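Student: I would like a close look at a single part of this model. Please pick one helix and follow it to its neighbours.

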Amino acid sequence: MIVESYLYEKLNGEVRCKTCWHRCKLKDGKWGICRVRKNENGVLKVYNYGLISSIALDPIEKKPLNNFKPGTKVLSFGSVSCNFRCLHCQNYEISTADLSYPYLRELSPEDVLELCRFENADGIAWTYNEPTILHEFALDASKLAKKEGYFIVYVTNGYMTPEAVDQFDVLDAANVDVKAFNQRFYSKICKAKLEHVLDTVEYMHKKGIFLELTYLIIPDENDSKEEIKEFAEWVVSIDKSIPVHFSRFHPDYKMLNKPVTPVKTIEMAIEIARDVGVEYVYAGNVWGHKYENTFCPNCGELIIERVGFYIKRINLNGNRCPSCGYKQNIIL
């Protein structure tokens, strides 16, 4: 199904997309960086509406979202393509694919709702590839699901424009990948701009969207103590209670020459972030690590115990620590 974009402006035959921060200005017949939007006679057409490559019922902790609805299940949907070109993409089979990908299936918003019912899901996650480029379909399906009581989350690279965030007014929570805290990394590895990601995070927070951040640590690329400290200080400047996941890199796609991140580097980042004042810090992709768990930022009490993506125990009085009464930034 081909639809007209929900966010663009007409410019004397050209069009400017307003869905992501690339804000592609397209002449007639040209495609956007996302490879799913095209200027057709001065109308920005969207070619990926309802085209889904991946569906799975996941623990919400897999997104990862540890402080939003812990222990719930989300029905996760992904499409194809991306507006980044990350050399280390772990979902490159679909993020580098275009509309000719052979395993796409076409769904309607009603199909998404029916699948949520069938799977007894608690919410929907738009994930796997970049959900921003599925904006129109994700929005329509989410609005339908939200009316039925399902929550909506995004797993995103943070390149939604403020206009897109405003239009997607049913979004409850997002995990944003802040892939590094230097522009060199974003230019070399992602073909994007760090400043726009930071702007999106700050704007989402201002709009009241529940946020968690993931920082994938890649050896010799974004793992210096100075850079991690700057990142953590920026988080605290927005809100010290935003959870941060420092995740372990493994070689993939076009970055096979890099080693797996040492666990001690993850632990170094966690220590730095905690010292700076980040209240909730997690170790990602390190199964069985102490910092898969959630601890009270005030007294250190274990308040959510996990093994991998699975909850063993939630130890809370409402959303307060049972030992010291500290109010937690956790939505149950």
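**A helix and what surrounds it**

Tutor: In helix H8, the buried residues are Thr 265, Ile 266, Met 268, Ala 269, Ile 270, Ile 272 and Ala 273. The model is a predicted one, and buried here stands for under 20% relative accessible area. The cover over these buried residues includes strand S14, helix H7, strand S15 and strand S16, the last of which covers residues 281-284. H8 has 14 residues, which at 1.5 Å a residue should span 20 Å, and its end C-alpha atoms are indeed 20 Å apart. Just after the helix comes Gly 277, with a positive phi of about 125°.

H7 is one of the neighbours that cover H8, and it can be read in the same way. H7 runs from residue 225 to residue 238. From its first C-alpha to its last, H7 reaches 20 Å, close to the 20 Å expected for its 14 residues. Its buried residues are Glu 227, Ile 228, Phe 231, Ala 232, Trp 234, Val 235 and Ile 238. Seen down the axis of H7, these buried residues fall within an arc of 155°, so they line one face of the helix. Lys 225, Glu 226 and Ser 237 are on the other side of H7, and they are exposed; for that word the cut-off is over 50% relative accessible area.

What does the buried side of H7 pack against? Its buried residues pack against helix H6 (194-206), strand S14 (210-217), strand S15 (244-248) and helix H8 (263-276). S14 and S15 are also among the elements that cover the buried residues of H8.

Further along the chain there are strands that pair with one another. Strand S17 (residues 294-295) pairs with strand S18 (residues 302-307) in the antiparallel sense, over two bridges. Across this pair, Phe 295 stands opposite Leu 302 in S18. Six residues lie between the two strands of this hairpin, and in it Gly 300 takes a positive phi near 85°. S18 is also joined to strand S19 (residues 310-314), by four bridges and again antiparallel. Here Val 307 has Tyr 310 in S19 as its bridge partner. The hairpin of S18 and S19 has two residues between its strands, and Gly 308 takes a positive phi near 65° in it.

Note on methods: Residues numbered from 1 in each chain as written. Predicted model: local features only at pLDDT ≥ 70, side-chain atom pairs only at ≥ 80, totals over all residues. Heavy atoms only, no water. Pairing = 2+ DSSP bridges. Expected span 1.5 Å × (residues − 1). Buried < 20%, exposed > 50% of the residue type's maximum accessible area, 1.4 Å probe, protein only. Arc of directions from axis to C-beta. Contact = heavy atoms within 4.5 Å.
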